[in-house]
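This report turns to the internal space and the nonpolar packing of one protein chain, which are best followed with the coordinates open alongside the text.

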Amino acid sequence: FGNYAVQHLAEFGSPEHKYRLARVIERNIVGIAKSNVGGPVIQTVITHAAPADRVWVARAAAQAPQAFLALAKARLGHPCALSILDTISVREAERVSTALA
C-alpha cells in the first residue's frame with residue numbers, strides 16, 4: 001500500500017515534498033520502474049510535479065532503457081511509458097526508440 005501513499009504525496013503534497021519526491025524517483029528510476037506498481041507512481045509524479053521536475057523524472061526513465069522497457073511491458077506501466085514520451089522532446093523520444101530497436 002506504500003505506492004498509494006507515494007501517489008497521494010505526489011498529488012497533494014507541498015511543493016517542497018513534491019520536489020523531494022521527484023528527486024527520489026529520479027535517482028531510483030530503474031528499481032521503481034521494474035516494480036509492479038512503479039508505473040502508476042512514476043506517472044503520478046510526472047502528472048503532478050512542477051514542470052521542470054516532470055521533465056527530470058521523464059528523462060531519467062527515458063535514459064535508462066531497461067527502466068523504460070520494463071514500464072512499456074508492464075500492465076500498469078504502459079500509460080506511464082506514454083506519459084514519458086509525451087513529456088520529453090521529440091529528439092529524446094527518438095533516442096529511446098533507437099535504443100530499444
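A cavity, as the word is used here, is a set of grid points where a 1.4 Å probe fits but cannot get out. In this predicted model, the structure holds one cavity of 30 Å³ or more, and the volume of the largest cavity comes to about 30 Å³. Its lining is made up of A10, K18, L21, A22, V45, H48 and A49, and the elements that give two or more residues to that lining are α2 (15-27) and α4 (38-48). With three residues, α2 gives the most to the lining of the largest cavity. Sorted by class, the lining residues of this cavity divide as the table shows.

| Class of lining residue | Count in the largest cavity |
|---|---|
| Nonpolar | five residues |
| Polar | one residue |
| Charged | one residue |

The nonpolar packing can be described in a similar way. The largest nonpolar core has 26 residues, of which I25, I29, I42, V45, V57, L71 and I84 touch the most other members. Two or more residues of this core come from each of α2, α3 (29-34), α4, α5 (51-62), α6 (65-73) and α7 (78-87), and α5, with five residues, gives the most. V45 appears in both descriptions, since V45 is named among the residues that line the largest cavity and among the core residues that touch the most other members.

Which residues is L71 in contact with, leaving aside its neighbours within four places in sequence? They are A33, G38, G39, I42, G77, H78, C80, A81 and I84, and of these, I42 and I84 are listed together with L71 among the core residues that touch the most other members.

Technical notes. Residues numbered from 1 in each chain as written. Predicted model: local features only at pLDDT ≥ 70, side-chain atom pairs only at ≥ 80, totals over all residues. Heavy atoms only, no water. 1 Å grid on protein atoms, 1.4 Å probe; cavity = no way out; pocket = protein on both sides within 12 Å on 5 of 7 lines; lining within 4 Å. Points joined across faces, edges and corners; volume = space filled by probe spheres on them. Helix = DSSP H or I, 4+ residues; strand = E, 2+ residues; numbered from the N terminus. Nonpolar A, V, L, I, M, F, W, Y, C, P; charged D, E, K, R; others polar. Core = buried A, V, L, I, M, F, W, Y, C linked by side-chain atoms within 4.5 Å. Buried < 20%, exposed > 50% of the residue type's maximum accessible area, 1.4 Å probe, protein only. Contact = heavy atoms within 4.5 Å.
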